Amino acid sequence: MTTTPQPAAPAEQDPANLPRGRVFSGVQPSGLPHVGNYLGAFRSYIAMQERHDAIYCIVDYHALTSTHNGELIRQNTHEMALGLLALGLDPERAVLFRQSDRPEHTELAWLLSSVVPVSWVERTPSFKEKRRSQPEDINHALLTYPVLMAADIAIYLARYVPVGKDQQAHLELTREIVRAWNARYGDYFVEPEAVFNDSPIVRGTDGANKMSKSLGNVIDIFAEPDVIRRQVMSMVTDTERIRRTDPGRPEVCNVCQLHRYFSPLEFEEIWEGERTARTGCVDTKRLLADRIIAFFAQARERRRELSERPGYVEEVLRAGAERLEPLARETLGVCHDRMGLGPIAR
Ligand code: TYM
(Lines give C-alpha, C1' and ligand atoms only; values in the text may rest on other atoms or scores of the structure.)
Protein backbone atom coordinates (compact mmCIF):
# COMPACT_ATOMS: atom_id res chain seq x y z
CA MET A 1 0.00 0.00 0.00
CA THR A 2 1.34 3.44 -0.84
CA THR A 3 0.88 6.33 1.52
CA THR A 4 0.67 9.96 0.55
CA PRO A 5 3.78 11.78 1.74
CA GLN A 6 2.89 14.23 4.50
CA PRO A 7 4.47 17.68 4.48
CA ALA A 8 7.17 18.04 7.10
CA ALA A 9 5.99 19.71 10.30
CA PRO A 10 6.75 23.42 10.03
CA ALA A 11 9.83 24.61 11.87
CA GLU A 12 9.01 26.97 14.72
CA GLN A 13 10.95 30.13 15.36
CA ASP A 14 10.86 32.76 18.05
CA PRO A 15 9.34 35.66 16.10
CA ALA A 16 10.86 38.21 18.46
CA ASN A 17 14.47 37.12 17.91
CA LEU A 18 15.10 36.84 14.18
CA PRO A 19 17.74 38.90 12.37
CA ARG A 20 16.25 42.13 11.13
CA GLY A 21 14.34 42.05 7.86
CA ARG A 22 11.14 43.19 6.24
CA VAL A 23 7.98 41.50 7.50
CA PHE A 24 4.68 41.17 5.68
CA SER A 25 1.48 39.44 6.68
CA GLY A 26 -2.19 39.59 5.78
CA VAL A 27 -5.53 38.73 7.32
CA GLN A 28 -8.90 38.36 5.68
CA PRO A 29 -11.65 40.68 6.83
CA SER A 30 -13.80 37.86 8.12
CA GLY A 31 -15.39 39.71 11.02
CA LEU A 32 -14.21 39.95 14.59
CA PRO A 33 -10.78 38.43 15.23
CA HIS A 34 -10.77 35.13 17.13
CA VAL A 35 -8.43 33.28 19.46
CA GLY A 36 -7.01 31.22 16.54
CA ASN A 37 -5.97 34.41 14.71
CA TYR A 38 -4.37 35.73 17.86
CA LEU A 39 -2.40 32.65 18.88
CA GLY A 40 -1.38 31.61 15.37
CA ALA A 41 -0.55 35.02 13.93
CA PHE A 42 -1.42 38.30 15.64
CA ARG A 43 0.85 37.87 18.65
CA SER A 44 3.71 37.30 16.20
CA TYR A 45 2.75 40.44 14.27
CA ILE A 46 2.98 42.42 17.48
CA ALA A 47 6.24 40.80 18.60
CA MET A 48 7.83 41.43 15.21
CA GLN A 49 6.93 45.10 14.92
CA GLU A 50 9.48 45.87 17.65
CA ARG A 51 12.64 45.07 15.69
CA HIS A 52 11.57 44.78 12.08
CA ASP A 53 10.24 46.84 9.25
CA ALA A 54 6.73 45.37 9.46
CA ILE A 55 3.81 45.66 7.06
CA TYR A 56 0.37 44.25 7.83
CA CYS A 57 -2.55 44.16 5.48
CA ILE A 58 -6.30 43.54 5.61
CA VAL A 59 -6.79 41.53 2.44
CA ASP A 60 -10.16 42.67 1.16
CA TYR A 61 -9.44 41.57 -2.43
CA HIS A 62 -9.02 38.04 -1.09
CA ALA A 63 -12.36 38.26 0.71
CA LEU A 64 -14.11 38.61 -2.65
CA THR A 65 -13.44 34.92 -3.28
CA SER A 66 -16.05 33.97 -0.68
CA THR A 67 -18.15 37.04 0.15
CA HIS A 68 -20.20 38.98 -2.32
CA ASN A 69 -21.77 41.39 0.12
CA GLY A 70 -19.92 44.67 -0.40
CA GLU A 71 -21.14 46.40 2.73
CA LEU A 72 -20.10 43.42 4.85
CA ILE A 73 -16.58 43.36 3.41
CA ARG A 74 -16.15 47.09 4.02
CA GLN A 75 -17.45 46.82 7.58
CA ASN A 76 -15.38 43.73 8.37
CA THR A 77 -12.23 45.36 7.01
CA HIS A 78 -12.75 48.27 9.39
CA GLU A 79 -13.51 45.87 12.25
CA MET A 80 -10.37 43.78 11.68
CA ALA A 81 -8.16 46.88 11.52
CA LEU A 82 -9.70 48.19 14.73
CA GLY A 83 -9.12 44.81 16.39
CA LEU A 84 -5.45 44.69 15.39
CA LEU A 85 -4.87 48.22 16.67
CA ALA A 86 -6.60 47.38 19.94
CA LEU A 87 -4.43 44.28 20.35
CA GLY A 88 -1.28 46.37 20.17
CA LEU A 89 -0.40 46.81 16.53
CA ASP A 90 1.31 50.20 16.64
CA PRO A 91 0.94 52.35 13.51
CA GLU A 92 4.01 54.34 14.57
CA ARG A 93 6.10 51.20 14.27
CA ALA A 94 4.34 49.05 11.70
CA VAL A 95 2.40 49.85 8.56
CA LEU A 96 -1.24 48.76 8.55
CA PHE A 97 -3.21 49.13 5.33
CA ARG A 98 -6.10 47.87 3.26
CA GLN A 99 -5.08 45.75 0.27
CA SER A 100 -7.44 47.42 -2.21
CA ASP A 101 -5.84 50.81 -1.40
CA ARG A 102 -2.71 49.49 -3.13
CA PRO A 103 -4.04 48.12 -6.42
CA GLU A 104 -0.46 47.29 -7.53
CA HIS A 105 -0.99 43.97 -5.71
CA THR A 106 -3.48 42.84 -8.32
CA GLU A 107 -1.26 43.90 -11.17
CA LEU A 108 1.68 41.97 -9.75
CA ALA A 109 -0.60 38.96 -9.27
CA TRP A 110 -1.32 39.06 -12.99
CA LEU A 111 2.37 39.34 -13.86
CA LEU A 112 3.30 36.47 -11.54
CA SER A 113 0.43 34.33 -12.80
CA SER A 114 2.17 34.13 -16.18
CA VAL A 115 4.88 31.89 -14.64
CA VAL A 116 2.48 29.73 -12.60
CA PRO A 117 1.40 26.38 -14.06
CA VAL A 118 -2.34 25.84 -13.50
CA SER A 119 -1.55 22.52 -11.79
CA TRP A 120 0.20 24.38 -8.94
CA VAL A 121 -2.90 26.34 -7.99
CA GLU A 122 -5.32 23.48 -8.58
CA ARG A 123 -3.52 21.35 -6.02
CA THR A 124 -3.53 24.03 -3.29
CA PRO A 125 -5.28 22.59 -0.22
CA SER A 126 -7.33 25.76 0.30
CA PHE A 127 -8.72 25.52 -3.25
CA LYS A 128 -9.67 21.87 -2.75
CA GLU A 129 -11.25 22.79 0.56
CA LYS A 130 -13.28 25.64 -0.98
CA ARG A 131 -14.45 23.33 -3.77
CA ARG A 132 -16.04 21.25 -1.03
CA SER A 133 -17.30 24.06 1.19
CA GLN A 134 -18.74 26.38 -1.50
CA PRO A 135 -19.53 24.07 -4.46
CA GLU A 136 -22.05 26.56 -5.84
CA ASP A 137 -19.41 29.31 -6.11
CA ILE A 138 -16.12 27.94 -7.44
CA ASN A 139 -15.11 31.26 -8.95
CA HIS A 140 -11.91 31.96 -10.83
CA ALA A 141 -10.54 34.21 -8.08
CA LEU A 142 -10.41 31.16 -5.78
CA LEU A 143 -7.92 29.58 -8.13
CA THR A 144 -5.83 32.77 -8.30
CA TYR A 145 -6.01 33.31 -4.53
CA PRO A 146 -2.49 31.99 -3.75
CA VAL A 147 -0.95 33.99 -6.61
CA LEU A 148 -2.42 37.19 -5.17
CA MET A 149 -1.05 36.14 -1.80
CA ALA A 150 2.41 35.67 -3.35
CA ALA A 151 2.09 39.13 -4.91
CA ASP A 152 1.17 40.67 -1.53
CA ILE A 153 4.43 39.43 -0.07
CA ALA A 154 6.68 39.78 -3.12
CA ILE A 155 5.73 43.36 -3.98
CA TYR A 156 7.47 44.59 -0.80
CA LEU A 157 10.34 42.09 -1.14
CA ALA A 158 9.43 40.85 2.34
CA ARG A 159 11.70 38.31 3.98
CA TYR A 160 9.51 37.13 6.86
CA VAL A 161 5.86 36.16 6.87
CA PRO A 162 4.39 35.49 10.33
CA VAL A 163 1.41 33.18 9.83
CA GLY A 164 -0.41 30.32 11.50
CA LYS A 165 0.53 26.80 10.46
CA ASP A 166 -2.62 26.49 8.34
CA GLN A 167 -0.87 28.80 5.83
CA GLN A 168 2.14 26.54 5.30
CA ALA A 169 1.10 25.31 1.84
CA HIS A 170 0.43 28.88 0.68
CA LEU A 171 3.87 29.99 1.80
CA GLU A 172 5.55 27.08 0.05
CA LEU A 173 3.70 27.98 -3.12
CA THR A 174 4.75 31.62 -2.77
CA ARG A 175 8.37 30.51 -2.66
CA GLU A 176 7.91 28.37 -5.76
CA ILE A 177 6.28 31.25 -7.64
CA VAL A 178 9.05 33.67 -6.73
CA ARG A 179 11.68 31.12 -7.78
CA ALA A 180 9.92 30.56 -11.10
CA TRP A 181 9.81 34.30 -11.83
CA ASN A 182 13.45 34.81 -10.81
CA ALA A 183 14.53 31.87 -12.99
CA ARG A 184 12.81 33.37 -16.02
CA TYR A 185 13.56 37.08 -15.58
CA GLY A 186 16.65 37.19 -13.36
CA ASP A 187 16.97 37.31 -9.59
CA TYR A 188 14.95 40.06 -8.02
CA PHE A 189 12.28 38.80 -5.68
CA VAL A 190 13.15 37.61 -2.17
CA GLU A 191 12.16 34.04 -1.27
CA PRO A 192 10.11 34.71 1.85
CA GLU A 193 10.32 32.59 4.98
CA ALA A 194 7.20 31.63 6.90
CA VAL A 195 7.55 32.44 10.58
CA PHE A 196 5.61 29.98 12.72
CA ASN A 197 5.40 30.48 16.47
CA ASP A 198 4.81 27.71 19.03
CA SER A 199 1.04 27.59 18.45
CA PRO A 200 -0.50 24.66 16.64
CA ILE A 201 -3.40 25.15 14.24
CA VAL A 202 -5.93 26.11 16.90
CA ARG A 203 -9.01 23.90 16.96
CA GLY A 204 -12.45 25.44 17.28
CA THR A 205 -15.09 24.88 19.94
CA ASP A 206 -16.13 21.67 18.11
CA GLY A 207 -12.74 20.26 19.14
CA ALA A 208 -12.21 18.77 15.67
CA ASN A 209 -11.79 21.48 13.04
CA LYS A 210 -9.56 24.51 12.69
CA MET A 211 -11.03 27.50 14.51
CA SER A 212 -12.58 29.51 11.71
CA LYS A 213 -15.30 32.11 11.36
CA SER A 214 -16.83 30.27 8.41
CA LEU A 215 -17.23 27.10 10.49
CA GLY A 216 -18.91 29.00 13.33
CA ASN A 217 -16.65 27.39 15.93
CA VAL A 218 -14.75 30.43 17.17
CA ILE A 219 -13.96 31.99 20.52
CA ASP A 220 -14.15 35.72 19.86
CA ILE A 221 -11.66 38.13 21.32
CA PHE A 222 -13.87 41.20 21.45
CA ALA A 223 -17.29 39.75 22.15
CA GLU A 224 -18.98 40.63 25.44
CA PRO A 225 -17.67 38.50 28.34
CA ASP A 226 -20.91 36.52 28.59
CA VAL A 227 -20.65 35.58 24.91
CA ILE A 228 -17.03 34.46 25.34
CA ARG A 229 -18.09 32.44 28.38
CA ARG A 230 -20.86 30.76 26.39
CA GLN A 231 -18.46 29.95 23.57
CA VAL A 232 -15.91 28.43 25.94
CA MET A 233 -18.55 26.47 27.87
CA SER A 234 -19.73 24.96 24.56
CA MET A 235 -16.27 23.52 23.82
CA VAL A 236 -15.91 19.82 23.13
CA THR A 237 -13.33 18.34 25.51
CA ASP A 238 -11.89 14.81 25.66
CA THR A 239 -14.66 12.75 24.05
CA GLU A 240 -13.53 9.62 25.89
CA ARG A 241 -14.00 11.22 29.29
CA ILE A 242 -17.62 10.26 29.83
CA ARG A 243 -18.08 10.29 33.62
CA ARG A 244 -16.80 12.98 35.97
CA THR A 245 -14.62 10.34 37.64
CA ASP A 246 -12.93 9.20 34.39
CA PRO A 247 -9.33 10.42 34.05
CA GLY A 248 -8.95 13.10 31.37
CA ARG A 249 -6.34 13.28 28.61
CA PRO A 250 -5.02 16.84 28.48
CA GLU A 251 -2.92 16.06 25.39
CA VAL A 252 -6.09 15.65 23.32
CA CYS A 253 -8.40 18.00 25.19
CA ASN A 254 -8.73 21.32 23.36
CA VAL A 255 -9.61 23.19 26.55
CA CYS A 256 -6.43 21.95 28.24
CA GLN A 257 -4.40 22.86 25.18
CA LEU A 258 -5.65 26.44 25.31
CA HIS A 259 -4.71 26.67 28.99
CA ARG A 260 -1.10 26.34 27.82
CA TYR A 261 -1.40 29.87 26.39
CA PHE A 262 -3.90 31.49 28.72
CA SER A 263 -2.67 29.93 31.99
CA PRO A 264 1.04 29.65 31.17
CA LEU A 265 2.18 29.43 34.78
CA GLU A 266 -0.13 26.71 35.95
CA PHE A 267 -1.26 24.71 32.95
CA GLU A 268 0.70 21.67 34.14
CA GLU A 269 -1.17 21.74 37.42
CA ILE A 270 -4.47 22.09 35.53
CA TRP A 271 -3.50 19.12 33.35
CA GLU A 272 -2.65 17.07 36.42
CA GLY A 273 -6.09 17.85 37.88
CA GLU A 274 -7.65 16.49 34.69
CA ARG A 275 -5.45 13.39 34.57
CA THR A 276 -6.32 12.45 38.14
CA ALA A 277 -10.01 13.45 37.72
CA ARG A 278 -9.57 15.84 40.63
CA THR A 279 -11.15 18.47 38.39
CA GLY A 280 -13.97 18.05 35.93
CA CYS A 281 -14.23 19.42 32.40
CA VAL A 282 -16.73 22.06 33.47
CA ASP A 283 -14.31 23.46 36.08
CA THR A 284 -11.50 23.57 33.54
CA LYS A 285 -13.71 25.36 31.02
CA ARG A 286 -14.91 27.88 33.59
CA LEU A 287 -11.33 28.71 34.45
CA LEU A 288 -10.40 29.03 30.77
CA ALA A 289 -13.29 31.44 30.14
CA ASP A 290 -12.12 33.58 33.09
CA ARG A 291 -8.57 33.57 31.79
CA ILE A 292 -9.50 34.47 28.21
CA ILE A 293 -11.79 37.27 29.33
CA ALA A 294 -9.07 38.67 31.62
CA PHE A 295 -6.35 38.23 28.99
CA PHE A 296 -8.17 40.39 26.46
CA ALA A 297 -9.78 42.85 28.91
CA GLN A 298 -7.31 45.62 28.20
CA ALA A 299 -7.56 45.14 24.44
CA ARG A 300 -11.36 45.24 24.71
CA GLU A 301 -11.14 48.52 26.58
CA ARG A 302 -8.68 49.90 24.05
CA ARG A 303 -10.97 48.87 21.21
CA ARG A 304 -13.81 50.76 22.85
CA GLU A 305 -11.64 53.89 23.18
CA LEU A 306 -10.42 53.71 19.59
CA SER A 307 -13.90 53.17 18.23
CA GLU A 308 -14.91 56.46 19.82
CA ARG A 309 -12.33 58.34 17.76
CA PRO A 310 -14.14 59.08 14.51
CA GLY A 311 -12.02 58.57 11.42
CA TYR A 312 -9.05 57.14 13.34
CA VAL A 313 -8.98 53.70 11.73
CA GLU A 314 -9.51 55.12 8.25
CA GLU A 315 -6.69 57.58 8.79
CA VAL A 316 -4.29 54.80 9.85
CA LEU A 317 -5.21 52.70 6.81
CA ARG A 318 -4.91 55.61 4.42
CA ALA A 319 -1.52 56.72 5.77
CA GLY A 320 -0.30 53.10 5.65
CA ALA A 321 -1.22 52.67 2.00
CA GLU A 322 0.37 55.99 1.14
CA ARG A 323 3.67 55.05 2.75
CA LEU A 324 3.85 51.90 0.65
CA GLU A 325 3.25 53.51 -2.72
CA PRO A 326 6.92 54.12 -3.67
CA LEU A 327 7.89 50.55 -2.78
CA ALA A 328 5.02 48.99 -4.70
CA ARG A 329 5.69 51.18 -7.74
CA GLU A 330 9.39 50.41 -7.73
CA THR A 331 8.73 46.68 -7.82
CA LEU A 332 6.27 47.02 -10.67
CA GLY A 333 8.80 49.20 -12.52
CA VAL A 334 11.40 46.43 -12.35
CA CYS A 335 8.81 43.89 -13.52
CA HIS A 336 7.77 46.09 -16.44
CA ASP A 337 11.41 46.51 -17.50
CA ARG A 338 12.27 42.86 -17.35
CA MET A 339 9.02 41.52 -18.70
CA GLY A 340 8.89 43.86 -21.70
CA LEU A 341 5.95 46.07 -20.77
CA GLY A 342 5.76 49.75 -21.65
CA PRO A 343 7.44 51.88 -24.31
CA ILE A 344 10.80 51.08 -25.96
CA ALA A 345 12.76 53.93 -24.37
CA ARG A 346 12.00 54.18 -20.67
P1 TYM B 1 -6.72 34.22 7.55
O2 TYM B 1 -7.47 35.49 7.38
O3 TYM B 1 -7.49 32.96 7.44
O4 TYM B 1 -6.02 34.21 8.95
C5 TYM B 1 -5.19 35.29 9.40
C6 TYM B 1 -4.04 34.71 10.21
O7 TYM B 1 -4.55 33.98 11.33
C8 TYM B 1 -4.04 32.65 11.31
N9 TYM B 1 -5.09 31.72 11.76
C10 TYM B 1 -4.89 30.69 12.57
N11 TYM B 1 -3.77 30.25 13.19
C12 TYM B 1 -3.89 29.16 13.97
N13 TYM B 1 -5.07 28.50 14.18
C14 TYM B 1 -6.21 28.92 13.59
N15 TYM B 1 -7.35 28.28 13.82
C16 TYM B 1 -6.15 30.06 12.74
N17 TYM B 1 -7.06 30.73 11.99
C18 TYM B 1 -6.40 31.74 11.39
C19 TYM B 1 -3.68 32.37 9.85
O20 TYM B 1 -2.68 31.39 9.74
C21 TYM B 1 -3.21 33.73 9.37
O22 TYM B 1 -1.85 33.92 9.64
N23 TYM B 1 -4.44 33.56 3.16
C24 TYM B 1 -4.38 34.32 4.41
C25 TYM B 1 -4.39 35.82 4.21
C26 TYM B 1 -3.30 36.37 3.35
C27 TYM B 1 -1.93 36.44 3.68
C28 TYM B 1 -1.30 37.11 2.59
C29 TYM B 1 -1.16 35.98 4.77
C30 TYM B 1 -3.47 36.97 2.14
N31 TYM B 1 -2.26 37.42 1.70
C32 TYM B 1 0.07 37.32 2.58
C33 TYM B 1 0.20 36.22 4.75
C34 TYM B 1 0.80 36.88 3.67
C35 TYM B 1 -5.62 33.96 5.22
O36 TYM B 1 -6.65 33.62 4.70
O37 TYM B 1 -5.47 34.19 6.56
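**Group meeting talk: two domains and what sits between them**

Okay, let's start with one residue, Val35. If we skip the neighbours within four places in sequence, Val35 is in contact with Met211, Ile219, Ile221, Leu258, Phe262, Ile292 and Phe296. Keep in mind that this is a predicted model.

So what is Val35 part of? The largest nonpolar core here has 55 residues, and Val35 and Leu96 are the ones with the most contacts inside that core. Helix H1, residues 35-48, gives this core its largest share, eight residues. And the core draws on both domains: at least three residues come from each of domain 1 (15-200 + 310-339) and domain 2 (213-301). Apart from this core there's another one, with 47 residues, including Ala154 and Leu332.

Now let's look at the domains themselves. The protein is divided into domain 1, which covers 15-200 plus 310-339, and domain 2, which covers 213-301. Measuring tape in your head, please: the C-alpha centres of domain 1 and domain 2 lie 31 Å apart. The contact takes 14 residues from domain 1 and 13 residues from domain 2.

How much area do domain 1 and domain 2 bury between them? About 1,200 Å², and 76% of that is on carbon and sulfur atoms. On the domain 1 side, Leu32, His34 and Val35 supply 39% of the area buried against domain 2, more than any other three residues. So there's our Val35 again, as one of those three.

What about charges and polar groups? Across the interface of domain 1 and domain 2, the rule finds zero salt bridges. For polar contacts, the count between the two domains is three residue pairs, with both residues at pLDDT 80 or more. As for helices, H1 and helix H3 (70-87) each supply at least two residues of the side of domain 1 that touches domain 2. H1 has the largest share of that side, with four residues.

Next, helix H10, residues 254-262. Is H10 mostly covered or mostly open? Mostly covered: eight of its nine residues are buried. Among them are Leu258 and Phe262, and you've met both already as contacts of Val35. The buried residues of H10 pack against H1, helix H11 (267-275) and helix H12 (281-295).

Let me finish with two single residues. The first is Ala299, found in helix H13, residues 297-307. Is Ala299 buried or exposed? Ala299 counts as buried because its relative accessibility is 9%, and the cut-off for buried is under 20%. Leaving aside neighbours within four places in sequence, Ala299 is in contact with Ala86, Leu87 and Phe222. For a sense of distance, take Leu111: Ala299 and Leu111 are 188 residues apart along the chain, and their C-alpha atoms are separated by 40 Å.

The second is Gln134, which sits in the loop between helix H6 (125-133) and helix H7 (140-154). Gln134 counts as buried too, because its relative accessibility is 9%. Which residues does Gln134 touch, not counting those up to four places away in sequence? They are Thr65, Ser66, Asn139 and Leu142.

That's my tour. If you want one place to begin in the viewer, pick Val35, which has contacts such as Ile219 and Phe296.

Conventions: Residues numbered from 1 in each chain as written. Predicted model: local features only at pLDDT ≥ 70, side-chain atom pairs only at ≥ 80, totals over all residues. Heavy atoms only, no water. Core = buried A, V, L, I, M, F, W, Y, C linked by side-chain atoms within 4.5 Å. Buried < 20%, exposed > 50% of the residue type's maximum accessible area, 1.4 Å probe, protein only. Domains from an automatic or database assignment. Contact = heavy atoms within 4.5 Å. Buried area = accessible area lost by both parts, 1.4 Å probe. Salt bridge = Lys/Arg side-chain N within 4 Å of Asp/Glu carboxyl O. Polar contact = N/O pair within 3.5 Å; in protein donor to acceptor, adjacent residues only side chain to side chain.
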